[in-house]
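Hi,

Here is the structure I promised to send over. Have a look at it first, and then read on for what turned up.

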Amino acid sequence: MDATVVRTGTEGKTWGGGNQPLGASYGKLMMWFFILSDALTFTGFLSAYGFSRFKFMDSWPIADEVFNHFPFLHGVDAPMYYVALMTFILIFSSVTMVLAVDAGHQMKQGKVTTYMFLTIIGGLIFLGSQAWEWSNFISGEYGALKTKGGKILQFVDGEGHRVALEDIAVMHESERATHESNKGLWFESESTVSEFTLESIKEGFAANDDLYIRTLDFNEEGEKTVLSRAESQNWLDNNAVGVVEGANLTENEYGPPLFADFFFFITGFHGFHVASGVVINIIIFFNVILGTYERRGSYEMVEKVGLYWHFVDLVWVFVFTFFYLV
């Protein structure tokens, strides 16, 4: 009795196997899989940031006011200059990586070594720049007050320029000392408590008629609202409950604490990727010097780490856009 053969109509159209799907080696294919999964992770983080940014759009910090520092230029207002510089350095390191991969295709060990070295230097400069930026963000520059409802109040002069707490506070010798673990409970300390008290700020504000309070709410002109002298005094007397300096996971002198949370998490996560890429590049760099890939007759490993490095650079373009430009 003949067996019945069931035909589905898909004969000859399915993948027949083989070890190079899509014409890529196994190693490059796995790197593309990793990049795709990591891209989805960053997409989720940036989407969450976007939703939060939209929710607090009336009080979200202005990037030009937050990231306006430049090394060795203390007190100079340089909005986004240093962020633009570190972005250029990272993108340039992607160019040197392309040149390293191209030199590998031509089996030119010396050029691969040179371009890999430049890529590593670019990555280290970027990481150092990011650490410097974190330091400035954490320490703050001007300081602010927080209210009972969690709002942030900043001080400005008659021309609308920010004024630092240290230029306002009236300090006395009897000011409260910061609590330390060796002076109280061994498991408690207050290393992050501001040296300025709310009372010293109020006293200094009352003594200077050219000071005003600026809220984070935007007015019809798209600028933050500056209160009148009487309104400022009223907010200071009835709503201010404490001093905020810099930013951390619970307080943020620039605006909603959620901004700082996202900043630390997303830029930190990206920085971890850059640091991992630098370590991998260093390993590949020494393998190139030792002639490992010359003996193999292929610099495919340089190409695979290059894919990862380009991905890291591309992600930073999106992080830069979301945090600094939007």
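**Holes inside and a patch outside**

Two helices, α3 (81-105) and α4 (109-139), each supply at least two residues of the lining of the largest cavity. Before you go further, keep in mind that this is a predicted model.

How many cavities of 30 Å³ or more are there? The count comes to 2.

Let's start with the largest cavity, which has a volume of about 100 Å³. If you want to find it on your screen, look for its lining: V66, F67, N68, H69, Y82, V83, W132, E133, N136 and F137. Helix α4 gives the largest share of that lining, with 4 residues. Sorted by character, the lining residues come out as 6 nonpolar, 3 polar and 1 charged.

The second largest cavity has a volume of about 30 Å³. Around it you'll find E65, V66, N68, H69, E141, Y142, R162, E253 and Y254. Here the split is 3 nonpolar, 2 polar and 4 charged.

Now for the outside. L85, F88, F92, V95 and L99 form a nonpolar patch on the surface, and together they have about 450 Å² of accessible area. Try clicking on F88, which lies in helix α3. Is F88 buried or exposed? F88 counts as exposed because its relative accessible area is 53%, and the cut-off for exposed is over 50%.

Have fun turning it around!

Cheers

How values were computed
Residues are numbered from 1 along each chain as its sequence is written. This is a predicted model: local features need pLDDT of at least 70, side-chain atom pairs count only at pLDDT 80 or more; totals for chains, interfaces and linings use all residues. Side-chain values use heavy atoms; hydrogens and water are left out. On a 1 Å grid over the protein atoms alone, a cavity is a set of points where a 1.4 Å probe fits but cannot get out, and a pocket is an open set with protein on both sides within 12 Å along at least five of seven lines; lining residues have an atom within 4 Å of a point. Grid points are joined across faces, edges and corners, and a volume is the space filled by probe spheres set on the points. Ala, Val, Leu, Ile, Met, Phe, Trp, Tyr, Cys and Pro count as nonpolar, Asp, Glu, Lys and Arg as charged, and the others, Gly among them, as polar. Patches are made of residues with over 30% relative accessible area and no salt bridge: like charges are joined within 9 Å, nonpolar side chains (Val, Leu, Ile, Met, Phe, Trp, Tyr) within 5 Å. Accessible areas come from the Shrake-Rupley method with a 1.4 Å probe; for residues, only the protein chains shown count as cover. A salt bridge is a side-chain nitrogen of Lys or Arg within 4 Å of a carboxyl oxygen of Asp or Glu. Buried means under 20% relative accessible area, exposed over 50%, partly exposed in between (1.4 Å probe, protein chains only).
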